[in-house]
Amino acid sequence: MQDQDVPLCVDLDGTLIRTDLLVESALALLRRNPLYLFCFIVWLGRGRAHLKREIAARSRVDVSRLPYDGDVLDWLRAAAGTRPRILCTAADRRLAEAVAAHVGAFDATLASDGVSNLGGARKRDALCARYGSGGFDYAGNAYADLHVWRHARRAIVVDPAPGLLRRVRGLCELERVFVRGGRWRAWLDALRLHQWPKNALVFVPMFAAHVMFVPGAMMSALVAFLAFCLCASAAYLLNDLLDLDADRRHPRKRQRPFASGRLPLGAGLAGAPLLTLAAFAVASVLPPRFVLVLLAYGVTTLAYSLV
């Protein structure tokens, strides 16, 4: 088959954009009202497609400010007029069509419809039913896309996880790989290590009381300093996740790791609670009164992020 006869099917989350629309829209709702969390549980009971539809119907995501992958977008637009280009995603159709309209580089859109979640094996079945096995090229980024690549003519892989390329090569011809980097630097930016010196205030009472040479005083202060730093970094992660839209409208904050897509949102959702648990695990070796102070600090920063 000639290239002009083979449709180019492109995934959305993690491929065309450096983020996940379901997580984005869910966080936007939680920022408006944390009680939506209980609605999520009820909606999920009726399936992932229903959950996505309900969240998409209530959230406001500015698709013009999403972190698009510039290299993928340029490559996609370069194929204009040479072959059909299909946006094929597990995101809800309402959001997918908004992205397709903004990008203006697609001839058709396949997406979840509130009943069927178009991901993994269902995406494979939809593409095979439409174009036949081996009758399409597919651009994706995740292990779930292996279902699709098994029946694709060629694979385009974006920001692959370790080991993913090896498995893709065993399924179909690998056409191109888009590599993103800088994750370690992005983590350093997200954790705001440069803000940690603020927590050196915990040393002030020790010096003011002239007890820095009392056995154990310095060690206790160091433990308190570390606990505050870990809790602060957790708060920064959560605040950035809840402020995605506002950060993208800011000339400087739009470069923050989650707003710019340099870090996946899932990393932040995992990192924030882990850092919080680590902070209280460290604090547990100090008197209970300090743990209460740290808890008050954590609650205050959470209220700041939400309100």
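The following paragraphs go through the overall make-up of this chain, two helix pairs and two asparagines in loops.

The model is predicted. The protein chain holds 15 helices and six strands. Its C-alpha trace spans about 80 × 35 × 35 Å along the principal axes. Of its 307 residues, 47% count as buried. Among contacts with a sequence separation of 6 or more, 59% are between residues 24 or more positions apart.

Two packed helices are described by the angle between their axes and the distance between the axes. One pair to consider in these terms is α1 (residues 21-32) with α3 (residues 48-58), whose axes lie 9 Å apart at an angle of about 55°. Angles of 65 to 115 degrees count as roughly perpendicular and those under 35 as roughly parallel, so α1 is oblique to α3. The crossing of this pair is left-handed. From α1, the contact takes in L22, S25, A26, L29 and R32. From α3, R48, K52, I55 and R58 take part. An α-helix has 3.6 residues a turn, so residues three or four places apart point the same way. By class, the contact of α1 with α3 comprises four nonpolar, one polar and four charged residues.

Helix α3 has further neighbours. Its buried residues are A49, H50, L51, K52, E54, I55 and A56. These buried residues pack against α1, and also against α2 (36-44), β2 (85-92), α5 (93-103) and β3 (108-112).

The loop between α1 and α2 contains N33. With a relative accessible area of 31%, N33 is partly exposed. Its side chain comes to 3.0 Å from the backbone nitrogen of L35. N33 also has a spatial relation to a remote part of the sequence: L306 is 273 residues away along the chain, yet the C-alpha atoms of the two residues are 8.4 Å apart.

The second asparagine, N141, is in the loop between β4 (137-140) and α7 (146-149). Is N141 buried or exposed? Buried means under 20% relative accessible area, and N141 has 18%, so it counts as buried. The side chain of N141 makes a polar contact of 3.0 Å with the side chain of T15. Leaving aside residues up to four places away in sequence, N141 touches D11, D13, G14 and T15, and also W149, V158, D159 and L164.

The second helix pair is formed by α11 (residues 217-242) and α14 (residues 265-283), which pack at an angle of about 160° with their axes 8 Å apart. Angles over 145 degrees count as roughly antiparallel, so α11 is roughly antiparallel to α14. The crossing of α11 and α14 is left-handed. On the α11 side, the contact is made by V223, L226, A227, L230, C231, S233, A234, L237 and L241. The α14 side contributes L265, G268, L269, G271, A272, L275, T276, A278, A279, V282 and A283. Sorted by class, the residues of this contact are 16 nonpolar and four polar, with no charged residues.

Set side by side, the two pairs both cross in a left-handed sense. The contact of α11 with α14 has no charged residues, whereas that of α1 with α3 has four.

How values were computed:
Residues are numbered from 1 along each chain as its sequence is written. This is a predicted model: local features need pLDDT of at least 70, side-chain atom pairs count only at pLDDT 80 or more; totals for chains, interfaces and linings use all residues. Side-chain values use heavy atoms; hydrogens and water are left out. Axes are lines fitted to C-alpha atoms, for helices over the stretch in contact, and angles run from 0 to 180 degrees between N-to-C directions. Helices (H or I, at least four residues) and strands (E, at least two) are DSSP runs, numbered from the N terminus. A crossing is left-handed if the near helix is turned anticlockwise from the far one by less than a right angle, and right-handed if clockwise. Contact means heavy atoms within 4.5 Å. Ala, Val, Leu, Ile, Met, Phe, Trp, Tyr, Cys and Pro count as nonpolar, Asp, Glu, Lys and Arg as charged, and the others, Gly among them, as polar. Buried means under 20% relative accessible area, exposed over 50%, partly exposed in between (1.4 Å probe, protein chains only). A polar contact is a pair of N or O atoms within 3.5 Å; within protein, one must be able to donate a hydrogen and the other to accept it, and residues adjacent in sequence count only if both atoms are side-chain atoms.
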